[in-house]
Amino acid sequence: MARTPLAPHAPRSQPSARPLIGTRIRERRLLLGHRQAEIAQRAGISAAYLNLIEHNRRPVGEALLVRLAQALEIDAAELASNREEMLLGALREAAARGNRDGLGAAVELDQIAEFAARFPGWATALAAATRRADGLERRLVAFSDRMTRDPYLLTTLHEVQSAVTALRSTASILAETPDIEPEWRDRFHSNLDDDSQRLSRTAQALVAYLESFEDDAVPMSPQEEVEAWITAGQPPPAEATELASDAARVMARDLLRWQAQDRGLLPDAALSAAVAELGEAADDPALIAARLGRPLDLVLRRLGMLRPGPWAQAGLIVCDGSGAALYRLPAPGFELPRLGEGCALWPVFEALAQPQLPIARLIETTGGARFASWAMAERLLPMGFDGPALSRAQMLIRAAQPRDQRPALGVGPACRICPRPACLARREPSILGPA
Amino acid sequence: MPAAVDVLLIEDEPSISEAVRFLLTRDGWQCESWPQGLGAIERIRLLAPRLVILDLMLPGRSGAELLADLRADPALSHQPVLLLSAQGTEYLPQGADRVLAKPFANADLRAVVRELLDAT
């Protein structure tokens, strides 16, 4: 049985949803030189209501957004663009970096939205610089890992050290043993020649190998490589430039294997046909599962992979029993944090704690975007009844219907950059102020 | 019955092996060598050396694994071992009597060997 959309203890989102949209509406109006009353009249609302919207004190529904966009002579999609939400996420990351690096002055967190709206160029430049710094940091970690774990590098360094050891001992023997027998002297001279040539060759190979690090465009963890590969549309692993490491290629092939297995159990044609036949009822994954006579967890994964009809903008998160992501495909506007991070309130984790129980929740991001989500976890017994049971959970998310005005569960991207001060699920302090 | 062996050097680098054997032999020690991890424990049992000089990175079976085998074997658990390591000391296995980092000075090697053999 599906759960109620909001648990009693869950923090509720504030009414000042989508703060940036209000600010952008105000900016746009002032840019055009109109009074609030004019735009309000064109949009069919009162000037007082528009004033509340412009100060981010009222949410903007989809229909009203379209009318306001027409009144402001701008495309509605542009007015509500998710790009700003992504920009806000990047700016929060920049604030986090500033805090972590111990900047002298505190970042004005309560003015992030206004900063992004008033100075989009500066905001974009700061976000880009932060992303670049993050990228460089990841490169550094990747290089550090490589220096300590790369088998080729370890073997080559060992070879260098062995040659140096042999050269040092042998040269000392020749220098410190004047009465050395001619046979031994000749033998050691020959060894010196061999070892010095070996050292020369190995050193050259080592330099060439280290230089190749510079050409390495994908200094990411295997999980990050796989995520980049998913975002690129999952090209064949053998040709995918996103999959730089052997580990990532193995993970990608494993992923393709279970996708193929899922496809075998629920072919594309059957799923597309069921979605088409169900019409509006296809908004409910449980009804699709019932129509097809297939398990709900399978239907959730397949909807997230195939994305038929109304599911074209759906996102999918699949994780194992430890909560580690096996697959992440974001829905537009649902900001995914770095790999390894996540919000404990995401329904996928709730499902993990209650295997076989379908969970449907309306959730709302810190930026005010609302999403419908469906999650379910299943128990797997690859080692039989005697072995430990493994778990896998999946969550399908999609932008909520504008008409769905039920209270939503407020979730975040990850505690570190989540501005919900009273969240009971918080596991670490946020570096941001309240939303 | 093989002659009594003072030192068994387990080292896969021929040049290092030759240099060490030359040094120790000139110091008067009876020295034998073995070039790999595989068969090394059997060689120790056969020769019963007073001291084993063990390289850490060996083909077949690593010096760390051999050291663990020695310490787990009641008949060999007290075998004195000098470990030659090319790695940082933080990764060194437990159980060696002494450790010498590569590249080493010949004088250091000779001094440590004398110290360990005098103690047996």
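Which residue of S5(A) does A:Met376 stand opposite? Look across the pairing and you'll find A:Gln394 there. Keep in mind that this is a predicted model. That pair is a handy way into chain A, where strand S4 (residues 370-380) and strand S5 (residues 390-399) run antiparallel and are joined over ten bridges.

Now zoom out to the sheet around them. Six strands of chain A make an open sheet with mixed pairing, and reading across you get S2-S1-S5-S4-S3-S6. At the edges are strand S2 (325-329) and strand S6 (409-410) of chain A; each has a single partner strand, so one side of each is left without a neighbour in the sheet. Strands of a sheet pair through backbone hydrogen bonds, and they can do that either parallel or antiparallel. Helix H15 (residues 296-306) of chain A lies across this region, over strand S1 (315-320), S2, S4 and S5 of chain A, and it runs at about 50° to S5(A).

Just before H15 in the numbering there's a pair of helices to look at. Two packed helices are described by the angle between their axes and the distance between the axes. For helix H13 (residues 268-278) and helix H14 (residues 285-292) of chain A, that comes to about 115° and 10 Å. H13(A) passes H14(A) in a right-handed crossing. On the H13(A) side, the contact is made by A:Ala270, A:Ala274, A:Val275 and A:Leu278, and H14(A) meets them with A:Leu287, A:Ile288, A:Arg291 and A:Leu292.

Further back in chain A, try helix H3 (residues 47-54), whose buried residues are A:Leu50, A:Ile53 and A:Glu54. Seen down the axis of H3(A), they fall within an arc of 95°, so they line one face of the helix. After H3(A) comes A:Asn56, with a positive phi near 60°. As for chain A as a whole, its secondary structure comes to 16 helices and six strands, and 34% of its 435 residues count as buried. Of its contacts between residues at least 6 apart in sequence, 64% join residues at least 24 apart.

Over to chain B. Its open sheet has five strands in the order S2-S1-S3-S4-S5, and here the pairing is parallel. Strand S2 (31-34) and strand S5 (98-101) of chain B take the edges with a single partner strand each, which means one side of each is left without a neighbour in the sheet. On average, neighbouring strands of this sheet are turned by 20° against each other, direction ignored.

Within that sheet, strand S1 (residues 7-10) of chain B runs parallel to S3(B), and four bridges join them. One place to spot this is B:Ile10, whose bridge partner in S3(B) is B:Leu54. Two helices lie across S1, S2 and S3 of chain B: helix H1 (residues 14-26), at about 165° to S2(B), and helix H2 (residues 40-47), at about 170° to S1(B).

Finally, go to B:Asp55, which sits in strand S3 (residues 51-55) of chain B. An unreviewed UniProt entry annotates B:Asp55 as "modified residue: 4-aspartylphosphate". Is B:Asp55 buried or exposed? B:Asp55 counts as buried because 25 C-beta neighbours lie inside 10 Å. Leaving aside neighbours within four places in sequence, B:Asp55 is in contact with B:Ile10, B:Glu11, B:Asp12, B:Gly63 and B:Leu84. B:Ile10 is the residue bridged to B:Leu54, so to speak a familiar face.

Note on methods: Residues are numbered from 1 along each chain as its sequence is written. Chains are lettered from A and ligands numbered from 1 in the order in which they are written. This is a predicted model: local features need pLDDT of at least 70, side-chain atom pairs count only at pLDDT 80 or more; totals for chains, interfaces and linings use all residues. UniProt positions are given in the numbering used here, feature names are shortened, and annotations may be inferred rather than shown by experiment. A residue is buried if 20 or more other C-beta atoms lie within 10 Å of its own, exposed if 12 or fewer, and partly exposed in between; C-beta atoms are placed from the backbone. Two residues are in contact if their C-beta atoms, placed from the backbone, lie within 7 Å. The arc is that of the directions from the helix axis to the C-beta atoms. Two strands pair if DSSP finds at least two bridges between them. Axes are lines fitted to C-alpha atoms, for helices over the stretch in contact, and angles run from 0 to 180 degrees between N-to-C directions. A crossing is left-handed if the near helix is turned anticlockwise from the far one by less than a right angle, and right-handed if clockwise.
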